[in-house]
Amino acid sequence: MILALILFVVTYILLLALPNHRHWVALGSAAVFLALRILPGSEILAALDFNVLLMIAGTMGLVSLFIESGMPALLADCLIARMPNVKWVAVALSLFAGFISAFVDNVATVLMIAPVAMAIAKRLELDPVPLVIAIAVSSNLQGAATLVGDTTSILLGGYADMDFLDFFVFHGKPGMFWVVEVGAVLTVLVLLALFRNDTQRVEQQGKTVVRDYVPTVLLCLMLVLLIGASFLPKKPAIINGLICTVLFVAGLMIELVRTKDTSRIALHLKSIDYQTILLLFGLFLVIGGITQAGVVDAISRLFLLAASDNLFVIYTLIVWASVLFSAFIDNIPYTATMLPVVQGISAALGVEPYLLYFGLLAGATLGGNLTPVGASANITAIGILRREGCTVRTKDFMRIGVPFSLVAVLSGYLLIWVIWH
């Protein structure tokens with residue numbers, strides 16, 4: 001067990017030290033675990049979650065087609081047309097980014113909505129930094145609302161065998177969707193306070209023309225099929241992944257027939273974040289290895305020892321430790337690592353794991369909003385601003401991110417306990 005623990009710690013240090021090469025670190029570590037037989041070759045398939053990997057690939061591909069169609073920009077245009085001033089535009093764009101992010105990757109959401117905010121800021125000679133940061137933190141918040149909203153949600157869904165509808169109603173109780181939405185409503189008050197002085201009027205200048213409605217239809221069909229799959233008895237373990245991937249392939253074929261341009265197919269295939277997929281592939285094997293070696297059980301016992309077997313204390317530790325860690329490290333490897341730990345803690349206490357699962361998801365997803373480097377969507381937003389010549393200081397980000405995160409996390413922390421303890 002000691003060797004597995006040392007390798008795992010070294011892996012995490014390298015993940016932090018080499019953020020641009022995380023996928024190679026994870027794959028290299030997995031290779032070492034296999035070479036040393038810490039993870040037996042017979043356990044490779046059991047350790048890999050192909051449903052999660054296929055869901056991520058298929059969803060990213062569909063999102064690329066959706067963005068290219070122009071539909072998100074049209075929706076944003078229609079939204080802006082109904083807002084009286086910049087303050088409400090900031091709130092509307094943030095809520096819209098959150099809505100889109102509940103079904104689309106957070107980074108893709110920022111790439112869709114941030115240019116709209118930049119255009120408004122240029123037109124009115126405003127500082128675009130607060131607008132774009134508000135969009136980024138809102139997209140991170142709503143990523144936990146549905147099964148397909150964020151990689152962390154997909155990881156939880158795969159690990160806990162949860163379907164699309166389980167994020168709305170689970171075991172007869174309100175699911176994560178409603179917890180997130182309460183947080184979203186409360187964060188509107190934060191945004192209204194932050195943008196209280198921005199009362200300039202906004203005039204719409206035309207509407208985006210949608211070039212293709214097929215991706216929108218396919219994205220809606222994906223949601224319908226994911227919901228439908230929730231009702232299938234004895235469904236295949238990779239059913240959700242197959243739905244997302246098959247629809248993406250169908251979208252590519254329709255695009256090829258429509259445009260007769262194979263370069264566009266290559267463009268959409270390149271839009272898939274293969275580095276994240278390879279990162280998860282490697283992490284699944286590493287986590288399988290440390291589980292086989294007993295490291296996960298040891299970490300679980302440390303939590304139990306620190307909290308004296310008190311469920312409320314353990315829940316509190318998991319939520320706020322997740323917030324703290326996710327403010328500085330990527331929440332994907334953190335969540336992938338902690339899911340088996342949480343399951344082990346629940347088994348030791350003799351309770352169902354869902355309270356701790358949801359606490360982990362809330363803390364890990366929302367904690368990334370505390371700092372500019374806590375989430376990929378934040379890094380993307382800052383990159384967009386810097387390319388436009390804007391200076392983004394850490395205090396500029398935290399002025400919005402900290403109150404936004406604290407309100408959302410605190411409301412989620414209390415609601416999850418009330419509903420699930």
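1. Let's start with arginine 393, which comes out as partly exposed at 44% relative accessibility. Its side chain meets that of aspartate 396 in a salt bridge, 3.0 Å from N to O. Aspartate 396, for its part, is buried, with a relative accessible area of 18%; the cut-off for buried is under 20%. Keep in mind throughout that this is a predicted model.

2. How many salt bridges does a search of the whole structure find? The count is 6. Side chains of opposite charge can pair when their charged atoms come close. Glu68, Arg211, Asp212, Glu255, Arg258 and Arg264 are linked in a network of such bridges, and the next two points take up pairs from that group.

3. Aspartate 212 and arginine 258 form a salt bridge through their side chains, at 3.5 Å from N to O. Aspartate 212 sits in the loop between α10 (176-194) and α11 (214-229), while arginine 258 is in helix α12, so this pair ties together parts that are 46 residues apart in sequence. Their surroundings are worth a look too: aspartate 212 is buried, with a relative accessible area of 7%, whereas arginine 258 is partly exposed at 39%.

4. Glutamate 255 and arginine 264 belong to that network as well. Buried or exposed, what are these two? Both are buried, and their side chains meet in a salt bridge of 2.7 Å, N to O.

5. On to helix packing. Two packed helices are described by the angle between their axes and the distance between the axes. Helix α4 (residues 50-69) packs against helix α12 (residues 239-259) at an angle of about 30°, with the axes 7 Å apart. Since angles under 35 degrees count as roughly parallel, that is the label for α4 and α12. Their crossing is left-handed.

6. For a contrast in direction, try helix α17 (residues 331-349) and helix α18 (residues 354-366), whose axes come within 10 Å and cross at roughly 160°. That angle makes α17 roughly antiparallel to α18, because the cut-off for this label is over 145 degrees. The crossing of α17 past α18 is right-handed.

7. Valine 190 lies in helix α10 and counts as buried, at 12% relative accessibility. If you want a feel for distances, valine 190 and alanine 250 are 60 residues apart in sequence and 42 Å apart in space, going C-alpha to C-alpha.

8. A couple of backbone spots to check by eye. Arginine 37 has a positive phi of about 60° although it is not a glycine. Where is arginine 37 found? You'll see it in the loop between α2 (22-35) and α3 (44-47), where arginine 37 is exposed, with a relative accessible area of 60%.

9. Aspartate 161 is another residue other than glycine with a positive phi, near 55°. The loop that holds aspartate 161 runs between α9 (151-160) and β1 (169-170). Aspartate 161 counts as exposed at 61% relative accessibility, the cut-off for exposed being over 50%.

10. Last, the surface at the start of the chain. Met1, Ile2, Ile6, Val10, Leu14 and Leu18 make a nonpolar surface patch of about 520 Å². One of them, valine 10, is found in helix α1 (residues 2-17) and is partly exposed, with a relative accessible area of 40%.

Definitions and conventions
Residues numbered from 1 in each chain as written. Predicted model: local features only at pLDDT ≥ 70, side-chain atom pairs only at ≥ 80, totals over all residues. Heavy atoms only, no water. Patch = residues over 30% accessible without salt bridge, like charges linked within 9 Å, V, L, I, M, F, W, Y side chains within 5 Å. Areas by Shrake-Rupley, 256 points an atom, 1.4 Å probe, with all protein chains shown as cover. Salt bridge = Lys/Arg side-chain N within 4 Å of Asp/Glu carboxyl O. Helix = DSSP H or I, 4+ residues; strand = E, 2+ residues; numbered from the N terminus. Buried < 20%, exposed > 50% of the residue type's maximum accessible area, 1.4 Å probe, protein only. Axes fitted to C-alpha atoms, helices over the stretch in contact; angles between N-to-C directions. Parallel < 35°, antiparallel > 145°, perpendicular 65-115°, else oblique. Left-handed = near helix turned anticlockwise from the far one by under 90°.
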